[in-house]
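User: Could you take a close look at one part of this protein for me and then show me how it fits in with the rest? I would like one connected account that I can follow with the structure open beside me.

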Amino acid sequence: MERPCLSICPLASGSRGNSVFVSGGNTSILVDAGLSGVELERRMRARSLSPDSLSAVVVTHEHTDHIQAAGILCRRYNIPLYINSRTHGAAAAKLGKVELVNLFACGTRFEIGDLTINPFSISHDAADPLGMTVAHDNAKLGIATDLGIATSLVRQHLQGCRLLYLEANHDPYLLNTGPYPWYLKQRVKSRKGHLSNQEAAALVCDVRTPVLDHVILAHLSEQNNRPEKALQAMTEALDAPHIKVEVARPDLPGTLIEL
Ligand SMILES: [Zn+2]
Ligand SMILES: [Zn+2]
């Protein structure tokens, strides 16, 4: 059987924790590690993924829902942490002591084993937050959560992906009428907050090319969104039955998707 170019498995998604397993060639990494170490290991094993096989943990920004176990896993498996320097500074206390730290800069691509990572800046209320594309052979996937707005830089990077793992944080009606205090509603909607279902759908429609065959909706708010609303907004906007659209869950790992 032909070996997949790239594989991806969402392990957790949402404000209680985020982590995505990505693999290509002989290299496997975690993008973010925002659950306890024990829980992340449990979720990986539940999908027959071995934590021992990890080559790195790559971090998008310093919020606890993205880095809670980053330091723990790097120490436990003696693997390097990939992080940019401002995030590293902001995350020092949460990370604890990590021996192997590889600092990178947004806008400068780098390799981890067989994977090519291309990190790009996003607008969010963190020190130096980023999204990234991960490529191997001729396949590329894009990961972008915690996006205040989709800038032209973001659009540029996400073009030509076979799979997009993208934030669809809230339904505007549920956010407006929901229990959040006013200031928090404003924060979520701001340029440094989170994308709505409709903004995510518009972004995907903008960056799609004929190679796009998979969209994973991520970082859904449990208060201000519903999976069926996010799915509906995306599938209606895409109007393309061959593109699979699914939701990454907070409580369970997803299935391993092979491209
Ligand atoms: Zn965040
Ligand atoms: Zn987050």
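**A helix, its sheet and its surroundings**

Analyst: Helix 9 lies across strand 12 and strand 13, and its direction makes about 160° with that of strand 13. Please keep in mind that this is a predicted model.

Let's stay with this helix for a moment and look at its helical partner. Helix 9 covers residues 227-238, and its axis comes within 9 Å of the axis of helix 8, residues 197-207, with a crossing of roughly 30°. Since angles under 35 degrees count as roughly parallel, helix 8 and helix 9 are therefore roughly parallel to each other. Their crossing is right-handed. If you would like to find the contact on screen, helix 8 brings Asn197, Gln198, Ala200, Ala201, Ala202, Val204 and Cys205 to it, while helix 9 contributes Lys229, Ala230, Ala233, Met234, Ala237 and Leu238. Sorted by class, the residues in this contact of helix 8 with helix 9 are 10 nonpolar, two polar and one charged.

Now for the sheet beneath. Here seven strands make an open sheet with mixed pairing, in the order 7-8-9-10-11-12-13. The edges are strand 7 (110-112) and strand 13 (244-247); each has a single partner strand, so one side of each is left without a neighbour in the sheet. On average, neighbouring strands of this sheet are turned by 20° against each other, direction ignored. Further along the order you can pick out strand 10 (residues 139-144) and strand 11 (residues 163-167), which run parallel and are joined by four bridges. Within that pair, Ile143 has Tyr165 in strand 11 as its bridge partner. Helix 8 also packs on the sheet: it touches strand 11 and strand 12 (214-218), and its direction makes about 155° with that of strand 11. Strand 12 is thus touched by helix 8 and also has helix 9 lying across it.

Stepping back, let's see how this region relates to the rest of the chain. The domain assignment of the protein chain gives domain 1 as 1-117 and domain 2 as 147-247. The C-alpha centres of the two domains, domain 1 and domain 2, lie 23 Å apart. Contact between them involves seven residues of domain 1 and eight residues of domain 2. On the side of domain 1 that touches domain 2, three residues are nonpolar, four are polar and no residue is charged.

There is another sheet to visit as well. Seven strands form this open sheet in the order 6-5-4-3-2-1-14, again with mixed pairing. Its edge strands are strand 6 (101-104) and strand 14 (257-258), each of which pairs on one side only. Strand 5 (residues 81-84) and strand 6 run parallel and share four bridges, and Asn84 stands opposite Phe104 in strand 6. Helix 3 (residues 70-77) packs on this sheet, touching strand 4 (54-58) and strand 5, with its direction at about 160° to that of strand 4. Lastly, helix 1 (residues 37-46) lies across strand 1 (6-12) and strand 2 (19-24) and runs at about 135° to strand 1.

How values were computed
Residues numbered from 1 in each chain as written. Chains lettered and ligands numbered in written order. Predicted model: local features only at pLDDT ≥ 70, side-chain atom pairs only at ≥ 80, totals over all residues. Pairing = 2+ DSSP bridges. Helix = DSSP H or I, 4+ residues; strand = E, 2+ residues; numbered from the N terminus. Contact = placed C-beta atoms within 7 Å. Axes fitted to C-alpha atoms, helices over the stretch in contact; angles between N-to-C directions. Domains from an automatic or database assignment. Nonpolar A, V, L, I, M, F, W, Y, C, P; charged D, E, K, R; others polar. Parallel < 35°, antiparallel > 145°, perpendicular 65-115°, else oblique. Left-handed = near helix turned anticlockwise from the far one by under 90°.
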